Each structure stands twice: as structure tokens, then as C-alpha cells.
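Thanks for asking me to look this over with you. Here are my notes, in an order that should be easy to follow with the viewer open.

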Amino acid sequence: MDAAEPMPVIEDDVRRILAATLKIPPETVAPDTSPDNVAAWDSMGHMRLVTAIELELGVRLTMEQVVAIDNFAALCRIVAAARGS
Amino acid sequence: MKASVIIRRFFTPPLVVSLLYWRRYGAKVSPRAEVELTDNLEFGPRCVVSSFTKIKATLGTIRIGSDVQIATQCFLDAGPGGLYIGDHAMIGPLTCIVSVNYSYASLGPVALQPKTSKGIRIGKGVWIGAGCAILDGADIGDNVIVTPNSVVSRRIPENTVVQGNPAEVIFTRR
């Protein structure tokens, strides 16, 4: 699998949470969905997204991981890593 | 009102007020701010109060820690419950911090009803964004970030980021 592609195991959950938090249709979420192409994904949207991910998926991200989330694919990878650790 | 209070409040030139607070506490109060000259108000060293901010400590005490920055056009008013701001706090422009409230127990003009005051505590390292309202009873923990235009009137856990009216936790700092 391409490193830029989201991990299928958690992709659906992360897509659902991202869409609900940022109030965008789930079908529009793609690997390159990012703050650059979603208006609601601003600094506060980013914090709400991380909090929603942590609450719903039961993971805890480090600050380094929080700031490393720059698109949907990266978010899926980071959540997968946090779940595995 | 005593004549000495009237003279101190209304006839002391703002530049003199600024110089007195600088000499007494090492605080930099803009001569264009309207800061009451009273023993009810204490600054820590290196505090900054920007122009057009009004600070009123007639009814209660205001204790401001060291290195606190208060931006332009803020309004701080202490009721009997007091107001405390911890070290290194930053208050964004157009923020209102008022530790006094009116009772509305009986129908009729609110202005004629008794005032209440629980006090306000703002912890160390708090950053309050522009246009916030911090109301009586607010107890903001250390290192909290209050996003712009939020309204706080209750306890906020330390190390969190809050947003909205009423302000809710949207993130925990780590």
C-alpha cells in the first residue's frame, strides 16, 4: 500500500469523525483532504478534530502527533500508530 | 464619596496615574488607559496595560500578577468578590472581565435589584482571545486558552482550550 494512502482498518471511522466534526459530507473526504482545502479545518477545527478522535477511538495523541496531522492520510496513519502503541 | 476619592478619581492626570503605577509596581500603564488610582488595585512587575483600557476597582480588589499583558479597549471591573489574574496571563483586546452581577429574583428593573459578586480567578499563563466576556464566578485554570468571542462564567480546567458561549473544552493541551 502506498504510504500516502489511509489505512483501511480505521479509515472509515476517521472519515466519519472528520466529516462530523468539520461538518463536511463523508464522501468528499479523500487522502489529500487537508486544512488547505477544507475551510472549517482551521486551528480550532484541528483541536476539535483531535479531541473527537481521542474520545471516540480511545487513543491519546502526543503533541508531536497533533502537529504532524496535515491531511486525512496522515491522520489515519497517526491514529493507527497511536492505537498500535 | 469622600473629597479625597473624588480628587483622586477625577482630577488626577492620567500621566500621573501611569507614573505612580510604574514607580510603585514597575507596571507600564498607558497614559491613554483609564485606570483607577486606588489601593484596591495591585500590579505585579512588568505588567502592561494598553491604551483605552478601563480598570475599575471601586467595589473590590484587583490583584494582577507579574508580566500580565492587557491589550487595548478592555474593561475590568471588580465587585466585592474580587478579581485575580495570574502571572504571564494575556488578555486580548475588547475583553470584558466583570466580577459583579445583578440579582433578578423579583420582576422589575434589574438595575434596582441587589448586586452579587462571587469573584473571578484567572490562572497563570492564561491566554484570553479578543472579544471575550469573563463573567462573575469564572475560575479559569492555569495555562488555559480562551478562544476569541467566548463567554466564561464557571470553572475551566487547567491546560485546556475552550471555545463558545458558554465556553466548552475543545482540546486539552499536552
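1. Two strands are said to pair if DSSP finds at least two bridges between them. Keep that in mind as you look at this predicted model. In chain B, the strands β21(B) and β22(B) run antiparallel and are joined by 4 bridges. Two of the residue partnerships are worth finding on screen: B:Val161 has B:Phe171 as its bridge partner in β22(B), and B:Thr160 has B:Thr172 as its partner in that strand.

2. Now zoom out to the whole sheet. The sheet is open, with 8 strands in the order β1-β4-β7-β10-β15-β18-β21-β22 of chain B, and the pairing is mixed. Which strands lie at the edges? They are β1 (28–29) and β22 of chain B, each of which pairs on one side only. For an example of parallel pairing, go to β18 (residues 145–146) of chain B, which pairs with β21(B) over 2 bridges. There, B:Val146 has B:Val162 as its bridge partner in β21(B).

3. Next, the turn between the last two strands of that order. The hairpin of β21(B) and β22(B) has 4 residues between the strands, and B:Gly164 in this hairpin takes a positive phi near 100°. The loop between β21 and β22 of chain B also holds B:Pro166. What kind of peptide bond joins B:Asn165 and B:Pro166? The bond is cis, with omega about -5°.

4. Here are two more backbone details to check in chain B. B:Asp67 is a residue other than glycine, yet its phi is positive, near 60°; look for B:Asp67 in the loop between β6 (62–64) and β7 (69–70) of chain B. B:Asn143 is not a glycine either, and its phi is positive at about 65°. You will find B:Asn143 in the loop between β17 (139–140) and β18 of chain B.

5. Let us turn to where the two chains meet. On the chain B side 7 residues are in contact with 11 residues of chain A. B:Ile170, B:Phe171 and B:Arg174 supply 73% of the area that chain B buries against chain A, more than any other three residues. The area buried between the two chains is about 830 Å², and carbon and sulfur atoms give 65% of it. Notice that B:Phe171 is familiar from point 1, as the partner of B:Val161.

6. What about charged and polar links? Between chain B and chain A there is 1 salt bridge. A:Glu54 forms a salt bridge with B:Arg174, and the closest N and O atoms are 2.4 Å apart. The count of residue pairs in polar contact between the chains is 4, with both residues at pLDDT 80 or more. On the side of chain B that touches chain A, β21 (160–163) and β22 (168–172) each supply at least two residues. Of these, β22(B) gives the most, with 3 residues. By type, the residues on this side divide into 3 nonpolar, 3 polar and 1 charged.

7. Finally, bring the sheet and the interface together. Strand β22 of chain B is an edge strand, pairing on one side only. Helix α2 (residues 43–57) of chain A packs on the sheet and touches β21 and β22 of chain B. How is this helix directed relative to β22(B)? The two directions make about 80° with each other.

Key
Residues are numbered from 1 along each chain as its sequence is written. Chains are lettered from A and ligands numbered from 1 in the order in which they are written. This is a predicted model: local features need pLDDT of at least 70, side-chain atom pairs count only at pLDDT 80 or more; totals for chains, interfaces and linings use all residues. Side-chain values use heavy atoms; hydrogens and water are left out. Contact means heavy atoms within 4.5 Å. Buried area is the accessible area (1.4 Å probe) that two parts lose on being put together, summed over both. A salt bridge is a side-chain nitrogen of Lys or Arg within 4 Å of a carboxyl oxygen of Asp or Glu. A polar contact is a pair of N or O atoms within 3.5 Å; within protein, one must be able to donate a hydrogen and the other to accept it, and residues adjacent in sequence count only if both atoms are side-chain atoms. Ala, Val, Leu, Ile, Met, Phe, Trp, Tyr, Cys and Pro count as nonpolar, Asp, Glu, Lys and Arg as charged, and the others, Gly among them, as polar. Axes are lines fitted to C-alpha atoms, for helices over the stretch in contact, and angles run from 0 to 180 degrees between N-to-C directions.
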